[in-house]
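This report looks at selected residues, a helix pair and a pocket in one protein chain. The sequence and the structure come first, and the description follows.

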Amino acid sequence: MRSFYPEIEPYASGMLDVGDGQSLYWEESGNPDGKPVVFLHGGPGGGTTPQHRRLFDPEHYRIVLFDQRGCGKSLPHASDPDADLSANTTWNLVADIERLREARGIERWQVLGGSWGSALGLAYAETHPDRVTELILRGIFTLRRSELDWFYEGGAAAILPDRWEGFLAPVPEAERRNLIAAYHRLLNDPDPAVHGPAAVAWSTWEASAITLIPRDDLIATFAEPSYALAFARIENHYFVNRGWLEPEQLIRDASKLRDIPGVIVHGRYDLCTPAYNAWDLHQAWPEAELHLIADAGHAYDEPGILDALVTATDTFAAR
């Protein structure tokens, strides 16, 4: 099975002013003359890590990573109590990707996105199909009502009832009929004693469901207060607003991807984004390869998912 490429360091990095008072951290690693690829991280609000560089053969790829608005090393950070999220939308991020492509002098590039990054990858590729050479998507998420209700309104609680208790804990019983809305109030409360515990509860609920076997180290990373607050605020902001998407939009418009070589990778036991998402996307985009990984959940570094992702990047590098 394929696994990560060796650790590498960026050969270039910087901050890109994208307007609205926002500056995005970006970096490039691998081969400056190689095949361009941009990596779209999850969340929204998750940020990139050095491990994400290692999904690509550094001899063949010019690897571009960036932190989306409000998270990672981008500024202002959503953990700042005064951070304004009004200019942080799906369509702002699609425009940011284009600004980054132009700023780095790239004509066309491969796009790899996972979880929320799959939704953003779909939105970008459906808007700018002429700029995408290949599209690799993992842990498909399209912000449909059924998907949000499954994970944030009680569906997944049937499988993780003990972890669900922690997610419910900050929410008064009278507000539990609409948990996304309740968390919106809590996360935007100016009192750290209110928004702090709510952020950790939101973030660790997701971390506990990402992998097939829960990983305490991953949960601890998501519980770090600054990370948790930015992550939870941005995610909740997107979910309250349904991603600024029309119902079924990303699936409906998949016909625009017909000429883009594609790979869809999804864990069969993904609790965060159920496997029917990948199936529905494949029905709308049958030209893409579909890989349902039999022994995996949602995380990109679970062995079967990682093997499928690196196999896809290696295959496209050879073309």
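In this predicted model, E98 counts as buried, because its relative accessibility of 11% lies under the 20% limit. The residue belongs to helix α1, which spans residues 90-103, and, once neighbours within four places in sequence are left aside, E98 is in contact with Y124, H128 and R131.

A second buried residue is I136, whose relative accessible area is 0% and whose place is in strand β6, residues 132-138. With neighbours within four places in sequence again set aside, the contacts of I136 take in Q110, V111, L112 and G113, then V263, and finally L309, A312, T313 and F316. One of these partners, L309, is 173 residues away from I136 in sequence, yet the two C-alpha atoms are 7.6 Å apart in space.

The two buried residues can be set side by side.

| Residue | Element | Relative accessible area |
|---|---|---|
| E98 | helix α1 (residues 90-103) | 11% |
| I136 | strand β6 (residues 132-138) | 0% |

Attention now turns to a pair of helices. Two packed helices are described by the angle between their axes and by the distance between those axes. For helix α5 (residues 179-187) and helix α6 (residues 192-210), the axes come within 8 Å and cross at roughly 135°, and the two helices are therefore oblique to each other. On the side of α5 the contact is made by Y183, L186 and L187, while α6 contributes V194, H195, A198, A199, A201 and W202. Sorted by character, the residues of this contact between α5 and α6 comprise eight nonpolar and one polar, with no charged residue.

The last topic is empty space, which is revealed by rolling a probe the size of a water molecule over the atoms. The largest pocket holds about 610 Å³ of space and is lined by 30 residues, with H52, L218, F222, Y227 and Y300 lying nearest its centre. At least two lining residues come from each of β3 (35-40), β5 (109-114), α6, α7 (216-222) and α8 (225-240), and among the contributors α7 gives the most, with four residues. Helix α6 thus appears both in the contact with α5 and in the lining of the largest pocket. In character, the lining of the largest pocket divides into 11 nonpolar, 14 polar and five charged residues.

Conventions:
Residues numbered from 1 in each chain as written. Predicted model: local features only at pLDDT ≥ 70, side-chain atom pairs only at ≥ 80, totals over all residues. Heavy atoms only, no water. Axes fitted to C-alpha atoms, helices over the stretch in contact; angles between N-to-C directions. Parallel < 35°, antiparallel > 145°, perpendicular 65-115°, else oblique. Contact = heavy atoms within 4.5 Å. Nonpolar A, V, L, I, M, F, W, Y, C, P; charged D, E, K, R; others polar. Buried < 20%, exposed > 50% of the residue type's maximum accessible area, 1.4 Å probe, protein only. 1 Å grid on protein atoms, 1.4 Å probe; cavity = no way out; pocket = protein on both sides within 12 Å on 5 of 7 lines; lining within 4 Å. Points joined across faces, edges and corners; volume = space filled by probe spheres on them.
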